[in-house]
Amino acid sequence: MAQKTISMHPFTINKPMVLIPAEEYLTLLEEAGYTPTPKLDREITQARKRFSRGKTISWETLKRELKQI
């Protein structure tokens, strides 16, 4: 399940973060209906890359698109 990683170099977190135990994280995923599939994993990976590059949409655009669903 969880792997222990030892960092030999210090690192800095420069944005708000929440730390929870891995077991609790997995429970939250399960409760949210997350079912791991290759397609979903790919989409999540792509979305994270887009977000890290700053490619986001405005809140107004998101609200408008959600109303259409």
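Here are a few exercises, with worked solutions, on a predicted model of a single chain.

**Exercise 1. Work out the overall fold pattern and how much of the chain is buried.**

Start with the secondary structure: there are three helices and zero strands. Going along the sequence, that reads as α-α-α. Next, look at burial. Of the 69 residues in the chain, buried ones make up 1%, where buried means under 20% relative accessible area. Finally, take the surface: the chain exposes about 7200 Å², and carbon and sulfur atoms supply 58% of that area.

**Exercise 2. Find the salt bridge and place it on the helices.**

The count is easy, as the structure holds one salt bridge. The partners are Lys63 and Glu60, with their closest N and O atoms 3.4 Å apart. That passes the test, since the cut-off is within 4 Å. Now for the location: both residues sit in helix H3, which covers residues 59–68, and they are three residues apart, or about one turn of the helix. Why does that spacing suit a pair? An α-helix has 3.6 residues a turn, so residues three or four places apart point the same way. As for exposure, Lys63 has a relative accessible area of 32% and is partly exposed. Glu60 is partly exposed too, because its relative accessibility is 47%.

**Exercise 3. Check the span of helix H2, then see what follows the helix.**

H2 runs over 38–52 and has 15 residues. From first C-alpha to last, H2 reaches 21 Å, close to the 21 Å expected at 1.5 Å a residue. After the helix comes Gly54, with a positive phi near 85°.

**Exercise 4. Identify the residues of the positive surface patch and locate Arg53.**

The patch is formed by Lys49, Arg50, Arg53 and Lys55. Of these, Arg53 is found in the loop between helix H2 and H3. Is Arg53 buried or exposed? Its relative accessibility is 55%, so Arg53 counts as exposed, the threshold being over 50%.

**Exercise 5. Do the same for the nonpolar surface patch, taking Ile20 as the test residue.**

First, list the members: Val18, Ile20, Tyr25, Leu26 and Leu28 make a nonpolar patch of about 470 Å². Then place Ile20, which lies in the segment before helix H1 (22–31). Last step: with 35% relative accessibility, Ile20 counts as partly exposed. That figure also fits patch membership, which calls for over 30% relative accessible area.

Terms used. Residues are numbered from 1 along each chain as its sequence is written. This is a predicted model: local features need pLDDT of at least 70, side-chain atom pairs count only at pLDDT 80 or more; totals for chains, interfaces and linings use all residues. Side-chain values use heavy atoms; hydrogens and water are left out. Patches are made of residues with over 30% relative accessible area and no salt bridge: like charges are joined within 9 Å, nonpolar side chains (Val, Leu, Ile, Met, Phe, Trp, Tyr) within 5 Å. Accessible areas come from the Shrake-Rupley method with a 1.4 Å probe; for residues, only the protein chains shown count as cover. A salt bridge is a side-chain nitrogen of Lys or Arg within 4 Å of a carboxyl oxygen of Asp or Glu. Helices (H or I, at least four residues) and strands (E, at least two) are DSSP runs, numbered from the N terminus. Buried means under 20% relative accessible area, exposed over 50%, partly exposed in between (1.4 Å probe, protein chains only). Lys and Arg count as positive and Asp and Glu as negative; His and the chain ends are not counted. The place of a charge is taken as NZ of Lys, CZ of Arg, CG of Asp or CD of Glu. The expected span of a helix is 1.5 Å times one less than its number of residues.
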